[in-house]
Amino acid sequence: MDTLERIRSYMQARGWTEYRLAKESGLSQSTITNMFTRHTAPSVPTLEAICQGFGITLSQFFSGSNNLVELSEEQMVMFRRWSTLTKHQKQLISDLIDNMK
C-alpha cells in the first residue's frame, strides 16, 4: 500500500474528510487536497503532521497494520511536546532517559 492509500485508510477508519484531516493535522486544506489530486507523496514534515493528527507515530504509520493505537492523554501530551522539539533537543531527552535506566 502506498502512502496516500494508507492515509486514506486511516481517514476512512475514522470517518474523516480531507477537511477534518487538515484541521486535526494543522495543515491547510489545500495542502491535503493537492496531495491527493496530484497523487504526490507528502514530505516528511507533512507526514509527521498528518500522523500527529491521527495520534500515531511515523513508525506506526509504516508498520503495515491498520490497528489504531490508543494513547493515554498523558502519552498524547508527551507525543505532542516531543513533536515540537528540535533534533538536538530530542537527542538530549533521549540521553537523559538512557541515563535514568
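Me: Where is Ile93 placed in this predicted model?
Reply: Ile93 sits in helix α7. The model is predicted.

Me: Why is Ile93 called partly exposed?
Reply: Its relative accessible area is 35%. Buried means under 20% and exposed means over 50%. The 35% of Ile93 lies in between, so the residue is partly exposed.

Me: What makes Ile93 eligible for a patch?
Reply: Patch residues need over 30% relative accessible area. Ile93 has 35%, so it passes that cut-off. Ile93 joins Trp82, Leu96, Ile97 and Met100 in a nonpolar surface patch. Together they have about 490 Å² of accessible area.

Me: Which helix gives the most to the nonpolar patch?
Reply: Helix α7, residues 87-100, with 4 residues.

Me: How do you know that the span of α1 agrees with its number of residues?
Reply: The expected span is 1.5 Å times one less than the number of residues. For the 12 residues of α1 that gives 16 Å. The end C-alpha atoms are 17 Å apart, which agrees.

Me: Which residues of α1 are buried, and what covers them?
Reply: Leu4, Arg6, Ile7, Ser9, Tyr10 and Met11 are buried, so each is under 20% relative accessible area. Their cover includes α2, α3, α4 and α5 (58-62).

Me: What makes Ile7 stand out in the largest nonpolar core?
Reply: That core has 16 residues, and Ile7, Leu21 and Phe54 have the most contacts inside it. Helices α1 (3-14), α2 (18-25), α3 (29-37) and α4 (44-54) each supply at least two of its residues. Beyond four places in sequence, the contacts of Ile7 include Leu21, Met35, Leu47, Phe54 and Phe61.

Conventions: Residues numbered from 1 in each chain as written. Predicted model: local features only at pLDDT ≥ 70, side-chain atom pairs only at ≥ 80, totals over all residues. Heavy atoms only, no water. Patch = residues over 30% accessible without salt bridge, like charges linked within 9 Å, V, L, I, M, F, W, Y side chains within 5 Å. Areas by Shrake-Rupley, 256 points an atom, 1.4 Å probe, with all protein chains shown as cover. Salt bridge = Lys/Arg side-chain N within 4 Å of Asp/Glu carboxyl O. Buried < 20%, exposed > 50% of the residue type's maximum accessible area, 1.4 Å probe, protein only. Core = buried A, V, L, I, M, F, W, Y, C linked by side-chain atoms within 4.5 Å. Contact = heavy atoms within 4.5 Å.
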